[in-house]
Amino acid sequence: VPREQHSNYDPTKAAQKKQQADNDFELMEQACKLFQVALRKHPDHDQVIDYLKQRGLSGEIAKAWEIGFAPDEWQYLSDALATNPQRSQQCLDLKLTTENERGKRYDFFRGRLMFPIRDRRGRVIGFGGRVMQAEQSPKYLNSPETRIFHKGSELYGLHRARTLHRSLKRLVVVEGYMDVVALSQFEIDYAVASLGTATTPDHVQLMFRNTDEI
């Protein structure tokens, strides 16, 4: 079979791009674990545990979904991850941190319940953060688009549903992260949610590649 030759293909650049992606996924995994540590050990963790109990979520379900906590601090993640200029820029690129007009960098997520978003291969590509007080806004804050996160083509919960079911009979689309998690506690473990967007044609195609019934 003749193979098309791409004259602009550069194996060195391709290898560098793969290395960058691997580093990005590793950093996001570290952030995921730090949020989980905060849920267990941060001085403010009691209020988060109380909130989860009020919502009817068990500790087992919170652990299964890797739910975490972003403390209401300016540099909880930054202090742990942005340990040198290169890492600091990487945190900014992946929107783990943000920057004000004076160039001051600080954590993007603060004072929120954290839901890691995994792609279909199980890699952490972004986060969803939910407020715990009604007066806070916005209610949900998602990671902005980055070089590894494109929310219009990802579904929260799909990786876990695929892991639990070798053959998915159906998928049910719900509104948000908490709906997916709450349903799984009642053994409805085939729910997915779009990431703060309307359900797109890409979402539908992705679902129909995994099941026949939506």
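Me: A residue is buried under 20% relative accessible area, exposed over 50%, and partly exposed in between (1.4 Å probe, protein chains only). Why is F208 called partly exposed?

Reply: The model is predicted, so local features need pLDDT of at least 70 and side-chain atom pairs count only at pLDDT 80 or more, whereas totals for chains, interfaces and linings use all residues. Residues are numbered from 1 along each chain as its sequence is written, and side-chain values use heavy atoms, with hydrogens and water left out. F208 has a relative accessible area of 48%, which falls between the two limits and therefore counts as partly exposed.

Me: What makes V173, V204, F208 and I214 a patch?

Reply: They form a nonpolar patch on the surface, with about 310 Å² of accessible area together. The term requires residues with over 30% relative accessible area and no salt bridge; nonpolar side chains (Val, Leu, Ile, Met, Phe, Trp, Tyr) are joined within 5 Å, and like charges within 9 Å. The areas come from the Shrake-Rupley method with a 1.4 Å probe, only the protein chains shown counting as cover. With 48%, F208 meets the area requirement. F208 is found in helix 8 (residues 201-208), a helix being a DSSP run of H or I of at least four residues, as a strand is a run of E of at least two, numbered from the N terminus.

Me: How do you know that helix 1 has close to its expected span?

Reply: Helix 1 (residues 11-41) has 31 residues and reaches 45 Å from its first C-alpha to its last. The expected span, 1.5 Å times one less than the number of residues, is also 45 Å here. Among the buried residues of helix 1 are F25, M28, C32, F35 and L39. The elements that cover its buried residues include helix 2 (45-54), strand 4 (112-118) and strand 5 (124-130), where contact means heavy atoms within 4.5 Å.

Me: Why is C32 not counted in a disulfide?

Reply: A disulfide is a pair of cysteine sulfur atoms within 2.5 Å. The closest cysteine sulfur to that of C32 is in C91, 15 Å away, so it is too far for a bond. C91 is likewise in no disulfide, and the count comes to zero. C32 is buried at 1% relative accessibility, and C91 is buried with a relative accessible area of 1%.

Me: What makes the pair R118 and E29 a salt bridge?

Reply: The term asks for a side-chain nitrogen of Lys or Arg within 4 Å of a carboxyl oxygen of Asp or Glu. R118 and E29 meet at 2.9 Å, N to O, so the pair qualifies. It links distant parts of the chain, as R118 is in strand 4 and E29 in helix 1, 89 residues apart. R118 is buried at 17%, while E29 is partly exposed at 22%.

Me: How do you know that R118 and E66 form a salt bridge?

Reply: Their side chains meet at 2.8 Å, N to O, which satisfies the limit. R118 lies in strand 4 and E66 in the loop between helix 3 and strand 1, so the pair ties together parts that are 52 residues apart in sequence. E66 also has a positive phi of about 60° although it is not a glycine.

Me: What makes E99 and R105 a salt bridge?

Reply: Their closest N and O atoms are 2.9 Å apart, so this pair also qualifies. E99 is partly exposed at 39%, and R105 is partly exposed at 24%. Elsewhere, salt bridges that share partners join E29, K33, E66 and R118 into one network.
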